Structure formats: structure tokens, C-alpha cells
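Subject: Handing over a structure

Dear colleague,

I am passing a structure on to you, and below it you will find my notes on what turned up when I went through it. Please read them with the structure open beside you.

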Amino acid sequence: MRAGVLALQGGVVEHLHMLKKAAEKLSINVELIEVRSKSDLEQVDVLVIPGGESTAIYRLSKRLGLIEPLKEKILEGTPTLGTCAGAAALAKQVVDAQSHKEYEPILGVMDVKVIRNYFGRQRESFEADLNINGIGQFRGIFIRAPVIEPLSSSVEVLAKFKDVTVAARQGNVIATSFHPELTSDTRIHQMLFEMVKK
Ligand code: GLN
């Protein structure tokens, strides 16, 4: 099995590490790929779009001609996880919580509205215990985190923090507001591999 992380900007190394650990837990052999080109992308069975800065991820993907190939790869059913800015990259709609500015969607493959920087300045970073559907208790690490608003009934809410959605799934695509790669808990990454097996 080959697991790729979009390696343009953001938490790439952390996700590669988690994918390695998740594969070990499941006793599967995995080859890790840093995705920077169309040919890298073609090889992968599961894909992670890391957190970082969504506008930078957008600019770099566009420059490298990766927008269309990424869309295709995801729409053909590749299990995909987008964390934080990576969640924004997946969304059909992206707005800023403070300025209400609407951004051009990056990949637009998930029926969700991602509201960037939702928790404002005073709570730019925090941790909270979450309860994730199918997983159970999970430590959420939020860094200038967005929230995820489902736009269709095919989006399953996986976790809420207070009254807002912080993890969701639509078919082969999972988005989280928080950073599972900054914990030592590999269960979300394991889900990706388990989706391939099915
Ligand atoms: N606020 C950032 C963005 O929308 C995301 C921050 C993060 O990924 N930790 O680009």
C-alpha cells in the first residue's frame, strides 16, 4: 500500500510519521510518498492534505498543476483526510469567520462550508476532549482552527465541539478542524487504511 501526503506546505512530516505508525498498528506494509507532482499522486492509495496555510496550499497546488489531478484522485474514491487548512482545501465553500470574506474553493470535493479561524484570537490554540463517531474519545488539538458546516445530508458529522462540527466524513473523504498528527493517537489515520481494505 502507498500512502501520500501533499507535501507543499504545513504539517507534512507529522502526517508521514502518523501514517507509518498507523500502518504498523494494522500490520500492513506501507510506502510513504511526499506528493509534489501528478506522478507522485497517481501512485497513492490513501492521501492526506495537511494543515498549514490554506492560501499557500492553494497557490502552490495551482502553480504545480495539481488542482485537477487532486480533484480527480479524490473523486475516484481515494480515501482522503484533510486536517485544518487541509479541510478548507476539500470544501465546496470557504469563508473567514472574522471578515466574512468568501474564498475561491480549492478542490471543492466535499459538501461542506469551512469557516476559517472560527475560534478567534483569544482561542487561537487550545485542546479539548472530543467524542468521535466510530472511534470514541480523542484529544483534539486546535490551532487557528476552522469549523466544518455540512451542506448536504450525505455528510456525516463525526465530532462536535460545543455546538459546532469539528470532524466530518462524506464517503471516502474525512475532514477535521483539529490536528490528529500532533497527538500520538493513530486511530484517525488507521481509518484511512481501513477504508482501502473495504
Ligand atoms: N487558519 C489556517 C488556514 O485557514 C489553518 C491553520 C492550520 O492549519 N493550523 O489556512
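**The sheets and the ligand site**

In the pairing of strands, Lys 160 has Thr 165 of S12 opposite it. Before going further, please keep in mind that this is a predicted model.

That pair belongs to the place where S11 and strand S12 (residues 164-170) run antiparallel to each other, joined by 5 bridges. The two strands make a hairpin with 2 residues between them, and in its turn Lys 162 has a positive phi of about 55°. A further hairpin is formed by S12 and S13, again with 2 residues between the strands, and here Gly 171 is the turn residue with a positive phi, of about 60°. S12 and S13 are antiparallel and are connected by 4 bridges, and within this pairing Arg 169 stands opposite Ile 174 in S13. On the other hand, strand S4 (residues 80-83) runs parallel to strand S13 (residues 173-176), with 4 bridges between them, and the bridge partner that Leu 81 finds in S13 is Ile 174.

These strands are part of an open sheet of 7 strands with mixed pairing, whose order is S2-S1-S3-S4-S13-S12-S11. Strand S2 (31-35) and strand S11 (156-161) are at its edges and have a single partner strand each, so that one side of each is without a neighbour in the sheet. From one strand to the next, the twist averages 20°.

There is also an open sheet of 4 strands, likewise with mixed pairing, in the order S6-S5-S7-S10. Its edge strands, strand S6 (102-103) and S10, each pair on one side only. Strand S5 (residues 91-96) and S6 run antiparallel and are joined by 2 bridges, with Tyr 103 in S6 as the bridge partner of Val 94.

Turning to the ligand, the residues around it are Gly 51, Gly 52, Glu 53, Ser 54, Cys 84, Ala 85, Ala 88, Arg 116, Asn 117, Ile 143, Arg 144 and Pro 146. By character, this shell divides into 5 nonpolar, 4 polar and 3 charged residues. In an unreviewed entry, UniProt lists Gly 52, Glu 53, Ser 54, Arg 116, Ile 143 and Arg 144 under "binding site". Those listed residues are spread over 93 residues of sequence and yet cluster in space, the largest C-alpha distance being 13.1 Å.

Two of these residues seemed worth following up, and I began by asking whether Ser 54 is buried or exposed. Ser 54 has 25 other C-beta atoms within 10 Å, and because 20 or more are enough for a residue to count as buried, Ser 54 is buried. Ser 54 lies in helix H3 (residues 54-63), and, leaving aside neighbours within four places in sequence, Ser 54 is in contact with Ala 85, Ala 88, Ala 89, Ile 106 and Arg 116.

Arg 144, by contrast, counts as partly exposed, because its 17 C-beta neighbours inside 10 Å fall between the limit of 12 or fewer for exposed residues and that of 20 or more for buried ones. Arg 144 is found in the loop between strand S9 (136-143) and strand S10 (147-150). With neighbours within four places in sequence again left aside, Arg 144 is in contact with Asn 117 and Glu 124.

With best wishes

Note on methods: Residues numbered from 1 in each chain as written. Predicted model: local features only at pLDDT ≥ 70, side-chain atom pairs only at ≥ 80, totals over all residues. Near = placed C-beta within 6 Å. Nonpolar A, V, L, I, M, F, W, Y, C, P; charged D, E, K, R; others polar. Pairing = 2+ DSSP bridges. Axes fitted to C-alpha atoms, helices over the stretch in contact; angles between N-to-C directions. UniProt positions renumbered as here; feature names shortened; annotations may be inferred. Contact = placed C-beta atoms within 7 Å.
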